[in-house]
Amino acid sequence: MSDVGIEIKTLLHARDSNLIDMLGPHVLPAGGVRILAYVPGADAVSVIRFDQEAEERPMESVLPDGIFQCLFADTTDVFPYKLRITRAGSAQVTYDPYAYPPLISALDLLTIAEGNNVQAFEVLGAHPRKVAGTPGVHFAVWAPHARWLSVIGDFNDWDTNRYPLRRRGDGGIWELFVPEVEIGARYKFHIESKFTDYVVDKADPYGFSAELRPQTASIVADLKTYEWGDETWMTRRKQSASLESAISIYEVHLGSWRRSEDGGFLNYHELAHQLVDYVKSMGFSHIELMPITEHPFDVSWGYQTTGYYAVTSRFGTPQDFMYFVDYCHLHDIGVFLDWVPSHFAKEEQGLGFFDGAHIYEHADPRQGEHFDWGTFVFNYGRGEVQSFLLSNAVFWLQQYHIDGLRVDAVASMLYLDHQRPPGAWVRNKYGGRENLEAIEFLRRFNGLVQERFPGAITMAEESTSWPRVTGPVYLGGLGFTLKWNMGWMHDTLEYIKADPIHRRFIHNSITFSMLYNYSENFLLPLSHDEVVHGKSPLVYKAPGDEWQKFATLRLLLGYMWAHPGKKLLFMGGEFGQTSEWNYATSLRWDLLQYPAHSGMQLWARELNSVYKSRPELYTLDYDPIGFEWIDNKDVNNSILIMMRRGEPDQSLPAIGSIEPGYAVPGARDGATSGVVRDNVAGAPASQQLQQRADAARPFVIIACNFTPVVRDGYTVGVPVAGRYREILNSDARQYGGSGVINEGFFVSQPARIHDREQAIVLTLPPLGVSFLELAKD
């Protein structure tokens, strides 16, 4: 055996990746070209040259393990060729993967390792492409502790010996271009670790598609074939000011929103037409999808992910999901995704213990595991992990035109001791409990989204009092657009659960949120977490008989839509689903045959209609001037009266002729609360200027009665003199109410009440909410 043969045998038997560098064509120092091929199981192999007509030379068997070589002494240039491989009497002509050079640049290798490559999905994974005119798929994966790594799949009979990948440098990235692999091929990465005898077949961390559970292979997909039609939406989104927009979100679990007649899943196309048309008819502005990344178990609701770049195959292909998003945009519905960079599933095919070592997660379980959830926690301090997660955020926003990401379980990222007993966590380098690497990652993530995707929104499900979650990064904040107001949700639902006669004793629960409302940019959620695990559906959280339960739910939604902050409602809440959410079954759409449910649905639709048509209810959500309590002190009657203001009318009349219907905000830059009358003569000059600047703000008044007692003759102070009328009342009969409404106009009368000079007299409906405006006609 030659020296070359001995070296090859040693490397092959050791499963040493240095062998791969010897495969393919190589110009020899003494002249000529040697082609070395690794074809396990072949009886004979020959080389067919492209550059000369039909020249074919047999290859010499160097080792019986499948190593063949052929020397071309008459050339000093590498040439194109194919291999004719004979096995068991059957011959096949194919390209040699090792005839093609490495494709990943040194810059990409460096930036991925540094954590600075936010387009890593264009480098790693499986990418259909042509190389030197040959079609195939370029495979690449990060596995720094592998000693031997091959791609296996339909195209090589899942043979772990056939296509070992080249190792690129010391960073642990492996790659190989495999000719003639087609879109739709199933594949995995076969990894043999440097450590012990660990051998595993892993799904592609960057795979764009995956098999339907319980199968676990990745699928080669081409995301460039879909032709988008949402250019108008995307252009408009870039110019939008999300904090000043009407945002009401319909939270959806695609697998249980509605099922087909046979009980199976609807596909993305069916969901596009049924779900989007429904959301549009209901007046919601956005859909928020619970995780649609690939996950092995339905019971996890998608929050324990194995395929961060693969849209779940439960409902179709990547192109099918693109159609869904496109259809949403064409119908003026935005799409948010639940994104889970906080933890990931432990299943063998996933990221955990990927190459015989903990490369995506911390090795120390006190840092690398979430014990309550049975999942791994990302190591945010590692560059390759940062590249993986930041690229993933870019991937969904760029490749699928997603309008925003809601980051799940942010508190578990921020605190090293989150849901951990003493001794089960590791302090940071300063001795604190804050996860410094996660904090930096979240700031980078939010900055990246804001820079690259103007108009896109990031939302934090953060349940603690961590400061400045929505504060700008340059001021020490985390940089999110919105924060879920978990405190508001908890306090409000606790108040709703109380018997109306006892609500006066916890009145602060329903008003407390306004004390901290402007500390963050809040979103008000009534989410899926509140209607599972014995918590009961929304409609049954309230005490009382059936009528009182539905009335209370209408009141709850009305109060929520009146309160500053963007809105989120989980599916089923809009029509009074009477059972807890079950991920395995459809919502109870049959309930809509009953007036209580159809009335509730109509109420939700009308709320959205009024909300979107009245800028006072959304433009100043995060400016204190946009909200004022008229009365929050009627504790014994459990009544709240509030006012929402909008932006000033640009057609501001001159001082001395300010028309009724516009409020002068209180306590802003020295201005005093009060009423702008027909003239302001006699007021100090500075006050006149302030009135000139701050007057002319349109307003809506909202009155909430949290008891089942009708309040006749209830006097409400109003900001200006004029005629008022009711624009929405939850007790109207068409919504399932008792019909206690305020008809016609109410002319204000001089009266000193609620620190106002004018007042109107209303009838407040039982367990109801009334929206009022100043009539202009």
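## Pockets, cores and helices of a predicted model

The lining of the second largest pocket divides by class into 8 nonpolar, 7 polar and 6 charged residues. This is a predicted model, and its second largest pocket has a volume of about 400 Å³. The pocket is lined by 21 residues, and W233, S245, A246, S285 and H286 are the closest to its centre. Two elements, helix 4 (231-238) and helix 6 (268-282), give two or more residues each to this lining. Helix 4 has the largest share, 3 residues.

The largest pocket has a volume of about 560 Å³. Its lining counts 24 residues, and those closest to the centre are W373, D408, A409, E461 and D529. Helix 10 and helix 12 (486-497) each supply at least two lining residues. Helix 10 gives the most, with 3 residues. By class, the lining of the largest pocket holds 10 nonpolar, 10 polar and 4 charged residues.

### Cavities

The structure also holds 3 cavities of 30 Å³ or more. In the largest, 16 residues form the lining, with H253, G255, H295, R314 and F315 closest to the centre. The second largest cavity has 15 lining residues, and V531, M571, G572, G573 and Q577 lie nearest its centre. By class, the lining of the largest cavity has 9 nonpolar, 4 polar and 3 charged residues. For the second largest cavity, the division is 8 nonpolar, 6 polar and 1 charged.

The volumes of these spaces are set out below.

| Space | Volume |
|---|---|
| Largest pocket | about 560 Å³ |
| Second largest pocket | about 400 Å³ |
| Largest cavity | about 130 Å³ |
| Second largest cavity | about 100 Å³ |

### The chain as a whole

The chain has 777 residues, of which 60% count as buried. It contains 17 helices and 38 strands. Along the principal axes, the C-alpha atoms fill a box of roughly 110 × 60 × 55 Å. Take the contacts between residues at least 6 apart in sequence: 72% of them join residues at least 24 apart.

In soluble globular proteins, nonpolar side chains tend to be buried together. Here the largest nonpolar core has 193 residues, and F139, Y250, F321 and F324 touch the most other members. A second core, separate from that one, has 18 residues, including I639, I641, V716 and L772.

### Three helices

Helix 9 (383-399) has 17 residues, and 16 of them are buried, so the helix is largely enclosed by the rest of the structure. From first C-alpha to last, helix 9 reaches 23 Å, close to the 24 Å expected at 1.5 Å a residue. Just after helix 9, H401 takes a positive phi of about 60°.

Helix 11 covers residues 436-452. Its 17 residues should span 24 Å at 1.5 Å a residue, and the end C-alpha atoms are 24 Å apart, so the two values agree. The buried residues of helix 11 are A438, I439, F441, L442, F445, N446, L448 and V449. What do these buried residues pack against? Two of the partners are helices, helix 9 and helix 10 (410-414). The strands are strand 22 (334-339), strand 25 (404-407) and strand 26 (457-460). Helix 10 thus appears twice: it packs against helix 11, and it lines the largest pocket.

Helix 16 (595-613) has 19 residues and reaches 26 Å from its first C-alpha to its last, close to the expected 27 Å. Its buried residues are H597, G599, M600, Q601, W603, A604, L607, N608, V610 and Y611. The cover over them includes helix 6 and helix 15 (546-562). Strands also take part, including strand 18 (248-252), strand 29 (566-570), strand 34 (723-729) and strand 38 (768-774). Helix 6 also contributes to the lining of the second largest pocket.

### A loop residue

I625 is found in the loop between helix 16 and strand 30 (627-634). Is I625 buried or exposed? Its relative accessibility is 5%, and buried means under 20%, so I625 counts as buried. The C-alpha atoms of I625 and R644 are separated by 8.6 Å, with the two residues 19 apart along the chain.

Definitions and conventions. Residues numbered from 1 in each chain as written. Predicted model: local features only at pLDDT ≥ 70, side-chain atom pairs only at ≥ 80, totals over all residues. Heavy atoms only, no water. Core = buried A, V, L, I, M, F, W, Y, C linked by side-chain atoms within 4.5 Å. Buried < 20%, exposed > 50% of the residue type's maximum accessible area, 1.4 Å probe, protein only. 1 Å grid on protein atoms, 1.4 Å probe; cavity = no way out; pocket = protein on both sides within 12 Å on 5 of 7 lines; lining within 4 Å. Points joined across faces, edges and corners; volume = space filled by probe spheres on them. Nonpolar A, V, L, I, M, F, W, Y, C, P; charged D, E, K, R; others polar. Helix = DSSP H or I, 4+ residues; strand = E, 2+ residues; numbered from the N terminus. Expected span 1.5 Å × (residues − 1). Contact = heavy atoms within 4.5 Å.
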